[in-house]
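Here is a walk through a two-part model, written for reading alongside the viewer. Have the sequence and the structure open as you go.

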Amino acid sequence: SPSLSTSLSVSHLTYLSRSPVCMCLPDYVCVSRRGLRLGMAKVTQVDFPPKQSVSYSKETQTPTCTQTHTQAKPAEEEEEEEEMAEPKPAEESQEEKADQEEKQEEVPPKELTEEEKMQLLHSEEFMAFFDRGSRIVERALSERVDVCFDYSGRDLEDKEGEMQAGAKMSLNRAFSDERWSKNRVVTCLDWSPQYPELLVASYNNNEDAPHEPDGVALVWNMKYKKTTPEYTFHCQSAVMSAAFARFHPNLVVGGTYSGQIVLWDNRSNKRTPVQRTPLSASAHTHPVYCVNVVGTQNAHNLISISTDGKMCSWSLDMLSQPQDSLELVFKQSKAVAVTSMAFPLGDVNNFVVGSEDGSVYTACRHGSKAGISDVFEGHHGPVTGLSCHSAGGPVDFSHLFISASFDWTVKLWTTKSTRPLYSFEDSCDYVYDVMWSPTHPALFACVDGSGRLDLWNLNNDTEVPSASVCVDGSPALNRVRWAHSGREIATGDSDGQVLVYDVGEQICVPKADEWTRLVHTLVEINENRDEGEELAAQRLVA
Amino acid sequence: RFSAVFIFSPKQAEVEETLKRIQTHKGVIGTIVVNAEGIPIRTTLDNSTTVQYAGLLHQLTMKARSTVRDLDPQNDLTFLRIRSKKHEIMVAPDKEYLLIVIQNPSE
């Protein structure tokens with residue numbers, strides 16, 4: 001039989017209703033009279049929070065503004081007391097209040113809505129404060145005394161050190177337009193021959209904005225601090241190349257992806273082209289990566305070459321059909337996929353082109369041998385940029401040209417030899433463009449896909465660039481163009497930004513002996529090249 | 001949404017004019033008005049910079065004021081000027097507000 005003690009020991013959790021007599025009797029006795037009625041007990045639970053140690057965050061005990069503020073909020077504290085459901089002894093609630101005050105101060109102050117801010121700004125107290133405060137501030141602002149000026153010039157020494165280090169290349173301007181250049185790649189840059197402060201940049205299509213025109217050309221102005229373009233031009237097809245029309249200061253020429261050449265005029269109020277070449281087999285049907293105006297004031301032509309090797313020459317007055325056209329084919333069979341073109345200084349007939357197959361070709365426009373003349377092999381990837389030497393001086397270096405390629409190198413060539421003179425291999429990414437300085441004979445710039453803009457001085461060092469800068473964010477730099485003065489350099493990146501850098505005088509201004517030094521440098525380069533080839537030949541034989 | 005309409009009193013216009021004058025003064029980089037809790041109520045700088053300046057300068061001003069009053073309880077802070085290598089920060093304090101102006105003195 002069940003023991004009596006066990007059944008009675010759990011009695012504090014259950015109680016028997018109604019008949020008190022049943023409570024004293026063992027279970028089995030009650031069961032026989034009527035069922036035990038069990039009910040849930042109302043459990044009283046008492047929770048005592050752990051004792052919180054009071055700590056002070058203030059360093060001093062003196063009353064400050066913040067403390068007076070919390071004391072001035074008795075209403076809020078009372079509210080909180082009421083919210084506390086659990087009953088507490090009086091002392092504990094006091095401590096909790098103090099702790100909560102502390103917590104309130106640590107919590108950042110709540111944000112004010114615009115209306116609250118406006119209310120404050122319109123209040124009498126604010127007006128009074130502002131009247132006094134602004135008076136003092138305006139007096140202080142107008143005081144231009146620099147009490148820290150050091151006449152010994154010692155504080156300037158530190159600054160000069162910084163200036164020296166950074167003086168090689170410093171960012172002057174960054175041009176970009178939220179609507180027209182964002183999300184587009186800068187495909188070409190050209191400085192105006194007439195107004196040295198104007199720079200035209202062409203952009204390809206914006207994939208995120210299919211309803212906007214695919215081709216954009218913006219004319220930027222370096223002279224003023226205005227951040228918006230001087231002129232905004234657009235057209236239906238992505239613009240792959242652009243140039244100011246030499247001898248026609250109002251015109252900007254663009255070569256597009258569809259093969260059309262477009263002409264914008266800043267005299268018209270339209271942003272769309274005033275003239276367009278036809279989309280026909282007589283003109284171009286492939287993207288035009290090269291446009292250039294060559295010749296003299298009285299006898300000039302617009303030259304354009306598309307990627308199918310077709311070269312057309314146009315008159316800017318009449319773009320309805322080309323004056324002349326030529327198919328650039330190598331050895332009568334292979335059409336040259338032209339990606340870049342350059343005319344040597346002063347030459348209107350002979351030129352060089354770079355192609356997708358990695359070769360560079362020389363060609364001429366007129367004569368019995370019009371077309372491709374020689375092939376210069378050396379690059380292992382498509383040629384992205386070409387530049388012919390243009391710094392005129394005591395010695396003529398117009399036979400020199402440089403090429404940039406996807407194979408991470410820039411190569412130096414002379415038209416007198418089909419093998420490269422030298423290969424510059426400092427880059428670790430596709431080199432997208434290269435350009436000789438217009439004033440310094442031994443200086444050229446190149447840009448690559450890792451965001452680097454390098455300046456090489458052949459008279460200083462041919463192994464490493466003499467100056468280098470990496471653009472913030474490392475975007476791929478697609479184009480580089482020296483300004484006509486040779487003191488500034490513009491670069492366009494894959495994010496639609498055009499950056500203009502000032503080049504330090506010690507780098508970009510040529511000294512009188514640069515030309516003769518370059519002669520010696522070239523002799524050395526030639527000797528090294530021949531030695532290298534002899535060694536290679538010997539190794540093959542052995 | 002109900003938006004309040006305020007009558008632009010001549011005094012308010014004066015405040016606006018003075019603020020504009022200060023903001024366009026030579027070399028002024030930014031102007032911030034902060035209330036007693038350190039919350040900016042008017043600013044010419046971007047949000048994150050404003051919050052940073054307002055918070056730090058509010059704390060510094062409180063400390064400066066308590067220093068002045070600890071040294072002499074009958075004294076009080078009237079103006080705070082921080083001259084650094086690059087800028088000058090001026091703070092005109094009050095019981096309720098702070099007017100902060102940042103200037104580049106070399107311009």
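How many of the 542 residues of chain A count as buried? The answer is 42% of them, where buried means under 20% relative accessible area, exposed means over 50%, and partly exposed is anything in between (1.4 Å probe, protein chains only).

Before going further, some ground rules. This is a predicted model, so local features need a pLDDT of at least 70 and side-chain atom pairs count only at pLDDT 80 or more, while totals for chains, interfaces and linings use all residues. Residues are numbered from 1 along each chain as its sequence is written, chains are lettered from A and ligands numbered from 1 in the order in which they are written, and side-chain values use heavy atoms, with hydrogens and water left out.

**How far to trust chain A**

pLDDT is the predictor's confidence in each residue, from 0 to 100. Chain A averages 81, and 80% of its residues score at least 70. Residues 1–33 of chain A sit below 50, and the model gives that stretch 22 contacts beyond near neighbours in sequence; a contact means heavy atoms within 4.5 Å. Residues 66–106 of chain A also stay under 50, with 27 contacts beyond four places in sequence. Where pLDDT is low, the predicted coordinates should not be read in detail.

**The two chains**

Helices (H or I, at least four residues) and strands (E, at least two) are DSSP runs, numbered from the N terminus. Accessible areas come from the Shrake-Rupley method with a 1.4 Å probe, and for residues only the protein chains shown count as cover.

| Chain | Helices and strands | Exposed area | Share from carbon and sulfur |
|---|---|---|---|
| Chain A | 11 helices, 30 strands | about 30,100 Å² | 52% |
| Chain B | 2 helices, 5 strands | about 6,400 Å² | 54% |

Of the 107 residues of chain B, 40% count as buried. Looking at contacts with a separation of 6 or more, residues 24 or more positions apart account for 50% in chain A and 38% in chain B.

**The sheet in chain B**

Reading chain B from the N terminus, the elements go α-β-β-α-β-β-β. Chain B has an open sheet of 5 strands in the order β2-β1-β5-β4-β3, with antiparallel pairing; two strands pair if DSSP finds at least two bridges between them. At the edges stand β2 (40–43) and β3 (80–83) of chain B, each with a single partner strand, so one side of each has no neighbour in the sheet. From one strand to the next, the twist averages 15°. Inside the sheet, β1 (residues 28–35) and β5 (residues 97–103) of chain B run antiparallel and are joined by 7 bridges. For B:G30, the bridge partner in β5(B) is B:I102.

**What lies across it**

For the angles here, axes are lines fitted to C-alpha atoms, for helices over the stretch in contact, and angles run from 0 to 180 degrees between N-to-C directions. Helix α1 (residues 10–23) of chain B lies across β1, β2 and β5 of chain B, at about 140° to β1(B). Chain A joins in too: its helix α7 (residues 114–122) lies across β1, β2 and β5 of chain B, at about 80° to β2(B).

Then comes helix α8 (residues 124–142) of chain A. It has 19 residues and reaches 27 Å from first C-alpha to last, close to the 27 Å expected at 1.5 Å a residue; that expected span is 1.5 Å times one less than the number of residues. Its buried residues include A:F126, A:F129, A:F130 and A:L141. The buried residues of α8(A) pack against α7 of chain A together with α1, β1, β3, β4 (88–93) and β5 of chain B.

**A few residues in chain A**

Most residues other than glycine have a negative phi. A:F247 has a positive phi of about 75° and is found in the loop between β6 (239–244) and β7 (251–256) of chain A. A:W408 has a positive phi of about 70° and lies in the loop between β21 (400–405) and β22 (410–414) of chain A. A:F247 is partly exposed at 24% relative accessible area, and A:W408 is partly exposed at 43%.

A:Y203, in strand β3 (residues 198–203) of chain A, is buried at 0% relative accessibility.
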